[in-house]
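Here is a short tour to read with the sequence and the 3D view side by side. Take your time, and rotate the view as you go.

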Number of protein chains: 2
Amino acid sequence: MDDRLGNIEAYFRKIHALDTAYGLFEWDISTIAPRAGVPVRAGLFAILAEESFAMGISPEMESNLKYLEENIDSLDSRHKAMARVARREFDAKRKIPPKLAGEFAELSSKAKAVWEKAKEENDYLSFAPVLKEIVEYQKRFVDLRGWEGHPYNTLLDDYDEGMNVDKLDSFFAQVQETVVPLVKAVASSSRQIDERLLFMQVDLQTQKKLSAFLMDKLGFDSSRGLISESAHPFTINFSANDVRITTNYNVQKPFTSVFAVMHETGHALYEQNVDPSLAGTFLENGANMSLHESQSRFYENLIGRSLSFWVHARDSIVEILGPDFEMFSALDFYESVNIAKPSLIRIYADELTYPLHIMARYEIEKEMIGDSADFGSLPDLWAEKYMKYLGIKPETDTEGILQDIHWSGGSFGYFPSYALGSAYAAQLKAAMSKELDFDRLVMQGNIAEITAWLKKNIHSYGKLLTPDELVMNACGEALNAKHYTDYLSEKFSAIYQ
Amino acid sequence: MDDRLGNIEAYFRKIHALDTAYGLFEWDISTIAPRAGVPVRAGLFAILAEESFAMGISPEMESNLKYLEENIDSLDSRHKAMARVARREFDAKRKIPPKLAGEFAELSSKAKAVWEKAKEENDYLSFAPVLKEIVEYQKRFVDLRGWEGHPYNTLLDDYDEGMNVDKLDSFFAQVQETVVPLVKAVASSSRQIDERLLFMQVDLQTQKKLSAFLMDKLGFDSSRGLISESAHPFTINFSANDVRITTNYNVQKPFTSVFAVMHETGHALYEQNVDPSLAGTFLENGANMSLHESQSRFYENLIGRSLSFWVHARDSIVEILGPDFEMFSALDFYESVNIAKPSLIRIYADELTYPLHIMARYEIEKEMIGDSADFGSLPDLWAEKYMKYLGIKPETDTEGILQDIHWSGGSFGYFPSYALGSAYAAQLKAAMSKELDFDRLVMQGNIAEITAWLKKNIHSYGKLLTPDELVMNACGEALNAKHYTDYLSEKFSAIYQ
């Protein structure tokens with residue numbers, strides 16, 4: 001048995017090696033690679049990606065899984081988890097005929113170009129037929145893979161093991177009940193927060209110093225990772241001992257990078273804190289999309305956008321930013337970085353209105369996959385939902401339904417994890433607050449103690465437990481939107497009185 | 001036939017993809033990767049390296065080669081060359097039993113540690129038995145692979161297709177005849193060149209600006225490459241459109257990086273100028289070690305250490321370096337960067353004495369592989385040769401026989417390519433001078449015209465022609481040391497009158 005297990009692990013490790021090589025390529029092209037060299041190398045690395053895919057659905061893989069599952073009772077928890085994770089991957093890929101997968105890859109690469117042009121030209125109708133075709137492929141995939149309750153469930157489960165429309169309908173109903181009236185109250189509040197400091201010019205060198213300060217403050221271990229620059233911030237890891245984040249500096253808007261760095265540091269802490277013994281298995285990464293997002297949101301918002309943090313860090317940050325910032329108090333910083341108002345573009349949305357952007361997308365996706373969407377009139381549906389939730393609607397498709405890249409690549413079921421991440425973050429804060437004095441720790445700059453709690457309860461497990469098990473163990477209950485809505489109500493009612 | 005050729009090319013491309021991934025990993029660990037993450041990733045990338053090796057010696061590879069060779073007359077020049085290059089690789093690897101190769105890999109990794117310690121502790125005798133064992137393995141490899149004339153020939157041919165001891169004996173005899181008396185004359189010359197400018201402090205930012213200036217001046221295409229930093233300068237390429245060099249900045253010795261950058265830019269120009277149609281084949285790199293080195297030496301020495309270059313570039317360089325350098329004329333720069341005197345350490349040797357360091361190593365390697373070396377007394381042999389050629393000898397093993405890493409890794413036959421590189425560079429300059437006014441072009445800063453000649457005659461071919469064919473076509477004659485010795489005599493006689 002040990003021999004067979006050894007062979008299976010070697011097989012998994014080779015897939016992991018191919019994926020790591022591909023990840024390194026992605027890191028490289030996102031950060032420093034000269035544009036001109038990308039096509040040739042993309043062709044070469046596609047060979048490795050294809051091999052990884054082929055190994056993932058091969059008869060050998062199937063027999064490996066069968067062996068693991070037949071012997072599941074005698075496996076240790078690590079091999080049990082490997083079997084579970086590998087089975088999910090296998091099923092998601094294996095049931096799609098390669099021909100169909102190839103057709104879809106071609107379609108989605110074409111679709112991306114069509115979407116880009118449509119967005120540029122504010123012309124949703126030129127994208128509509130392609131979007132319809134993409135959704136039809138997704139539905140065929142779901143039918144081939146099987147689904148229960150609602151076809152959308154299979155896609156939701158891809159990003160968030162165990163997630164489904166029942167849970168999300170109930171989640172968003174609670175969000176809607178609390179957040180929609182709260183946003184209305186904030187929008188009609190007479191309170192005007194001074195936003196000058198958000199637009200004060202800060203040179204590149206200073207911003208880099210500030211990044212280093214923030215990463216250090218939040219506990220990023222620089223001996224096991226680094227920061228670089230790319231067009232869009234992201235986190236990537238090659239093991240718990242090599243976790244890399246990127247940011248993008250804007251001299252005119254220094255706080256864009258400030259919160260990008262705190263966000264990515266949250267992702268990075270999760271990866272740096274995975275138990276080292278999981279290195280090289282399928283288990284060494286964060287549990288799923290929404291728990292990963294919960295960590296980025298936790299460090300970005302629950303810590304980085306808290307009053308306690310600015311009380312603690314204001315002096316050090318002003319020292320880095322320079323004398324122009326001396327006029328601003330901790331409270332000025334806190335309020336400026338928490339200005340909330342309804343807006344059209346999701347990626348620029350504030351912490352309060354953000355989940356409403358997601359809710360609109362969730363409902364539209366559910367209709368598309370559930371077969372009740374009229375693709376010709378989706379912008380009307382979009383406008384209707386934005387009016388209902390945010391009280392505004394886009395004048396153009398570019399600022400509306402065409403703003404996100406996700407659908408052109410066939411990503412359906414991805415958006416909800418953004419909102420769930422924020423909700424899990426609030427829920428984890430509530431849970432740890434039974435043991436820790438959160439605000440006092442942040443005010444003392446003792447983030448390490450908070451991170452230790454998260455490491456013990458979430459980070460260290462990697463994928464060893466399911467997301468549901470992790471949340472249940474850490475919080476003593478399943479997903480509960482109330483912690484999130486309470487947090488938003490309390491915070492933004494106070495700011496906007 | 002087209003189908004079969006297509007399959008063979010796909011097979012080669014996959015090996016190339018695995019090697020490219022490994023190259024990217026090497027780039028990454030040499031430049032930015034956090035130390036802590038290296039072991040896990042090294043294990044993963046070793047899996048890819050092993051697969052590349054296994055594919056390179058597989059029965060499928062053998063059958064591919066057989067097919068190509070049986071149909072050689074109907075192949076185009078590109079496929080013919082691929083067959084030639086792949087056959088060399090295959091034969092070099094295939095005839096070594098994997099068990100023996102494994103044993104040697106283990107030995108050489110152990111040997112590296114032994115060598116490091118011995119060098120640190122100035123204790124050759126602790127390294128001697130390991131060195132002997134390494135040489136014994138090399139001799140077994142050579143016996144298994146077969147050899148003609150002299151066993152060392154097989155190893156020389158690995159680095160320089162077509163090279164052998166007869167050619168090298170004659171080459172070094174000519175070098176010895178001219179350079180040894182020249183070095184003596186220089187060493188006893190009363191001429192004292194002011195070396196102050198070599199040790200003037202220059203900050204990092206300024207040195208980076210200077211790197212960019214030099215690369216641009218020499219014609220490096222920054223849209224198809226970049227510069228980074230590493231402990232030891234090197235060049236790596238992922239295609240002609242992605243060629244990367246590194247340097248290492250020393251604030252106290254700015255000219256270390258100046259010439260490292262020009263050296264690596266020479267390597268890089270070679271790779272950037274390979275015909276793009278060779279991308280993704282086995283032919284897209286420089287022809288061999290010594291021709292590659294000829295290009296780095298060409299740009300570093302024949303251009304970078306020429307009076308014409310400093311006449312052209314002195315003002316711009318002083319503008320970058322700042323007012324402290326205004327006191328130095330073009331001639332001051334020229335003479336300072338060409339100070340020649342016998343020294344003990346090869347990597348710090350000047351252009352004139354450099355080949356004598358190589359000659360000593362060549363002769364000792366020949367004895368080791370030819371079975372006439374007494375390993376216990378090699379330091380005596382070393383001292384004897386240094387006395388004879390350079391008129392000095394080391395007081396310690398650290399500064400003598402233990403200074404280079406090469407032998408601990410089993411690299412025998414590599415050193416000569418350094419000297420051959422310089423010789424080919426001089427020979428190419430002589431050949432192009434029939435068509436171009438070299439000094440005038442350099443003095444005008446018109447390096448592009450010189451590079452165009454090299455591109456047309458050397459660079460563009462990649463490995464399409466053999467090194468011997470390339471040299472014959474470009475120069476109208478085979479390797480001829482006289483161009484090199486004439487160049488050195490003329491240059492250093494003039495400087496030291």
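Which residues does A:Tyr22 touch, leaving aside residues up to four places away in sequence? Keep that question in mind as we begin; please also remember that this is a predicted model.

## A starting point: A:Tyr22

The answer is A:Phe45, A:Ala46 and A:Ala49, once residues up to four places away in sequence are set aside. A:Tyr22 itself sits in helix H1 of chain A, which covers residues 2-31. In the same part of the model, the C-alpha atom of A:Tyr22 is 7.2 Å from that of A:Leu48, although 26 residues separate the two along the chain.

Is A:Tyr22 buried or exposed, or something in between? Its relative accessibility is 27%, so A:Tyr22 counts as partly exposed, given that buried means under 20% and exposed means over 50%.

## Chain A as a whole

Stepping back, chain A has 20 helices and 3 strands. Its radius of gyration is 23 Å, close to the 23 Å that the globule rule gives for 497 residues, so chain A is as compact as a globular protein of that length. If you would like a sense of scale, the C-alpha atoms fill a box of roughly 65 × 50 × 50 Å along the principal axes.

Of the 497 residues in chain A, 56% are buried. Take the contacts between residues at least 6 apart in sequence: 74% of them join residues at least 24 apart. The accessible surface of chain A is about 20,600 Å², and carbon and sulfur atoms account for 51% of that surface. As for charge, chain A carries 51 positive and 74 negative charges, and their mean positions lie 1 Å apart.

## Two places on helices H4 and H12

Next, have a look at A:Arg78, which belongs to helix H4 (residues 77-94) of chain A. Not counting residues up to four places away in sequence, A:Arg78 touches A:Glu9, A:Ser277, A:Leu278, A:Thr281, A:Leu283 and A:Leu464. The C-alpha atoms of A:Arg78 and A:Leu465 are 9.4 Å apart in space, with their positions 387 residues apart in sequence. A:Arg78 has a relative accessible area of 25% and is therefore partly exposed.

A:Ser316 can be found in helix H12 (residues 307-321) of chain A. With a relative accessible area of 29%, A:Ser316 is also partly exposed. Measuring from C-alpha to C-alpha in your viewer, you should find A:Ser316 and A:Ser294 to be 27 Å apart, at a sequence separation of 22 residues.

## How the two chains relate

What turn lays chain B on chain A? A turn of 179 degrees, with a shift of 0.0 Å along the axis, brings chain B onto chain A with an RMSD of 0.0 Å. That is the relation of a two-fold axis. In chain B, the C-alpha nearest this axis belongs to B:Ala21, at 2.9 Å from it.

The interface fits into this picture too: 100% of the interface residues of chain B are also interface residues in chain A, so the copies meet through the same surface.

## Loops and the chain end in chain B

Most residues other than glycine have a negative phi. Where, then, is B:Asn122, a residue with a positive phi of about 50 degrees that is not a glycine? B:Asn122 is in the loop between helix H5 (98-120) and helix H6 (124-145) of chain B. Its relative accessible area is 34%, so B:Asn122 is partly exposed.

B:Gln497 has a positive phi as well, near 40 degrees, and is likewise a residue other than glycine. B:Gln497 lies in the segment after helix H20 (481-495) of chain B. At 73% relative accessible area, B:Gln497 is exposed, because the cut-off for that label is over 50%.

One more loop is worth a visit. B:Asn164 lies between helix H7 (152-159) and helix H8 (165-187) of chain B. B:Asn164 touches B:Asn153 and B:Leu156, not counting residues up to four places away in sequence. The C-alpha atoms of B:Asn164 and B:Thr154 are separated by 7.9 Å, with the two residues 10 apart along the chain.

Note on methods
Residues are numbered from 1 along each chain as its sequence is written. Chains are lettered from A and ligands numbered from 1 in the order in which they are written. This is a predicted model: local features need pLDDT of at least 70, side-chain atom pairs count only at pLDDT 80 or more; totals for chains, interfaces and linings use all residues. Side-chain values use heavy atoms; hydrogens and water are left out. Helices (H or I, at least four residues) and strands (E, at least two) are DSSP runs, numbered from the N terminus. The radius of gyration is taken over C-alpha atoms; the globule rule is 2.2 Å times the number of residues to the power 0.38. Buried means under 20% relative accessible area, exposed over 50%, partly exposed in between (1.4 Å probe, protein chains only). Contact means heavy atoms within 4.5 Å. Accessible areas come from the Shrake-Rupley method with a 1.4 Å probe; for residues, only the protein chains shown count as cover. Lys and Arg count as positive and Asp and Glu as negative; His and the chain ends are not counted. The place of a charge is taken as NZ of Lys, CZ of Arg, CG of Asp or CD of Glu. Copies are superposed by least squares on the C-alpha atoms of residues with pLDDT of at least 70 in both.
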